[in-house]
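Here are some worked exercises to try with a structure open beside you. Have a go at each task before you read its solution.

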Amino acid sequence: MSRFYVALFIMSVIFLVIEIYAFQAFKVLSKDRLYRWVWIVISILVYIPFFIVFLTYSRENGQTKSFQYAFSLLLVFLLPKVILLVSMFGEDVYRVVVKVFRMFGGSEVKSMPSRRKFIAQLALGIAAIPFASFLYGVTKGKYNFKVLKYELAFDDLPEAFDGFTITQISDIHSGSFTDKSKVQYALDLVTDQQSDLLLFTGDIVNNKAEEMDEFIDMFSNLKAPYGQYSILGNHDYGDYAEWKTKADKKNNFEAIKSIHKKIGFDLLLNESRFIEKDNQKLALVGVENWGKGWKQVGDLEKASEHVNQKDFKILMSHDPSHWEYKVKDNDFNYHLTLSGHTHGLQMGIEIPGFIKWSPSSFIYKQWAGLYEEFGRYVNVNRGFGFHGFSGRVGIWPEITVIKLKKGVKNV
C-alpha cells in the first residue's frame, strides 16, 4: 500500500473519531432527529470537497485556490469539534473511573446524570469561539491589514539617515489572493506611509510565475525615493510543485526573478547595494533563501563582499532562522535584519503588552515582530498574503514601518 493511501486511511480514522465524539455532544443537547440529520449532512458536505481535492491533488499545480478553500472550510468546522472531542473523551474517562471505584473501591461513588449534559453545553459554548474566529478569518481576517511602526536608535547610524524610514512587506503569495480590491487597499496603505525605502523580503508567488500576472500593474505603482529592493523566499524556487522537465522549473525560476524588475524592484541575489544620502551611506545586503537544514542557498559572505565591517548594514533574509544561527552573533555586525516566512502560522493570539502566542512559536524562536540580541535586531514580518490556510485568525497581515534614529541603542 502506498504512503498516500496509508495517509488517507489514518486521516479518515482521525476524522471519524472526532466526528463521533462531536456528534455525541450534540446528541446530548438535541433530541430532535431533524437537527441531528442536519448536523450529519453539513459534516458530510464539509468533507466532500476536501477529499475531492486531496484525491485529485497534483504536485504539478501545487496548492491551488480550490485546495486552500477546501482545507480552510475543513478547519472552520473541524477545530471546534476537536474541543468537543477533548471534552467528551474526558467525560468518558471520568465515567470509567467511577465504574472502577464502584467495582473495586469498596465504597459507592455517586454519578451525576446531568454532568454529561453540562459538559456538552460547556464544550459547545467554548467551541463556538474558534468557529466564529475561523469563520471571520477566512472571510475578513486575511485582508485585515495592519501597519506596525517601530523606531530604532543606533549610535553608529550615519547622521544623514537620522529619521530615515523603511517600509517592509513580505510573503505576497499572489497565487492565493481572492479579492483584487483588497490587495489594492493594502498597496494604498503601503504608499500612504511615504517611506524613504521600500523592501520586500521574499515569496512573491506560491509556486509559479504566472500567479503574479494579474497583479504586476498594481505592484508596479509602488515607489520610494531611495528605491525598492527585494529578495527571494523559499516558495520562489518552485520546489513545492512538480515539473515535467528540469528546463520547465528553470524557466519558471527565471520568470519569477524577472517579475521583480517588472514591478520596479531591484532583486538582490546574494548581493549588496549602498543607499546614499548627503554624501553618507548605509549598506543594504540581500541573500537568497537560507533555512535551517534546508534550501541554504543564501551566501552571507558573498553578499557582503563589497561591504565593510564599519558600514551600517541592513540585511534582508527571508527565513528568520538565518538570523538565529548565522547572523545575530556575526562579528561583521548586521545592525538590522528584515525577515518574513513564518506568517505567524496565520493563527494565534496577540494582545499588545499582555500576550503573544502562536503555534509558530514551537517552530521558530523569532516568529513575529521585533527581536533584539547582542544589540542587533531582526523584524519578522507576519506577511502580506496567505498560503495553505486561506485566512488569518489573530495574526493579521502586516505592513511594517521602521524609523531609524541616531542615538543610544534601544534598551
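The exercises below use a predicted model, and they go from the whole protein to single residues.

**Exercise 1. The overall picture**

Task: Describe the make-up of the protein: how many helices and strands are there, and what share of the residues is buried?

Solution: Start with the secondary structure: the protein has nine helices and 14 strands. Next, take its extent: the C-alpha trace spans about 85 × 50 × 40 Å along the principal axes. Then turn to burial: of the 411 residues, 51% are buried. Finish with the contacts: among those with a separation of 6 or more, 76% join residues 24 or more positions apart.

**Exercise 2. Checking a helix**

Task: Work out what span the 25 residues of α4 should have, and compare it with the distance between the end C-alpha atoms.

Solution: The expected span is 1.5 Å times one less than the number of residues. For the 25 residues of α4 this comes to 36 Å, and the end C-alpha atoms are 36 Å apart, so the two agree. Now look at which residues of α4 are hidden: R116, I119, A120, A123, A127, P130, F134, G137 and V138 are buried. Several of these numbers are worth reading with helix geometry in mind. An α-helix has 3.6 residues a turn, so residues three or four places apart point the same way. Last, ask what does the covering: α1 (3-29) and α3 are among the elements over the buried residues of α4.

**Exercise 3. Two pockets**

Task: Set out the volume and the lining of the largest pocket and of the second largest pocket.

Solution: Begin with the largest pocket, which holds about 390 Å³ of space. Its lining has 20 residues, and T342, H343, L345, Q346 and H387 lie nearest the centre. By class, that lining has eight nonpolar, eleven polar and one charged residues.

The second largest pocket holds about 310 Å³. Here 14 residues form the lining, with W39, F77, K81, L124 and F131 nearest the centre. Two or more lining residues come from each of α2 (33-55), α3 (65-104) and α4 (115-139). The largest share, five residues, belongs to α2. This lining divides into twelve nonpolar, one polar and one charged.

**Exercise 4. Strands and their partners**

Task: Find which strands stand at the edges of the six-stranded sheet, and then trace a hairpin.

Solution: First write down the order of this open, mixed sheet: β1-β14-β2-β3-β4-β5. The strands at the edges are β1 (146-154) and β5 (266-267); each has a single partner strand, so one side of each lacks a neighbour in the sheet. Within the sheet, β3 (residues 197-200) and β4 (residues 228-230) are parallel and share three bridges. There, F200 stands opposite S230 in β4.

For the hairpin, go to β6 (residues 271-277) and β7 (residues 280-286), which are antiparallel and joined by seven bridges. One pair to locate is E276 with K281, its bridge partner in β7. Two residues lie between the strands, and D278 in this hairpin takes a positive phi near 50 degrees.

**Exercise 5. One lysine**

Task: Decide why K262 counts as buried or exposed, and list what K262 touches.

Solution: Place the residue first: K262 lies in helix α7 (residues 246-262). Exposed means over 50% relative accessible area. K262 has 52% relative accessibility, so K262 counts as exposed. Beyond its neighbours within four places in sequence, K262 contacts I216 and S220. To finish, take a distance: K262 and L85 are 177 residues apart along the chain, and their C-alpha atoms are separated by 51 Å.

Methods. Residues numbered from 1 in each chain as written. Predicted model: local features only at pLDDT ≥ 70, side-chain atom pairs only at ≥ 80, totals over all residues. Heavy atoms only, no water. 1 Å grid on protein atoms, 1.4 Å probe; cavity = no way out; pocket = protein on both sides within 12 Å on 5 of 7 lines; lining within 4 Å. Points joined across faces, edges and corners; volume = space filled by probe spheres on them. Nonpolar A, V, L, I, M, F, W, Y, C, P; charged D, E, K, R; others polar. Helix = DSSP H or I, 4+ residues; strand = E, 2+ residues; numbered from the N terminus. Buried < 20%, exposed > 50% of the residue type's maximum accessible area, 1.4 Å probe, protein only. Contact = heavy atoms within 4.5 Å. Pairing = 2+ DSSP bridges.
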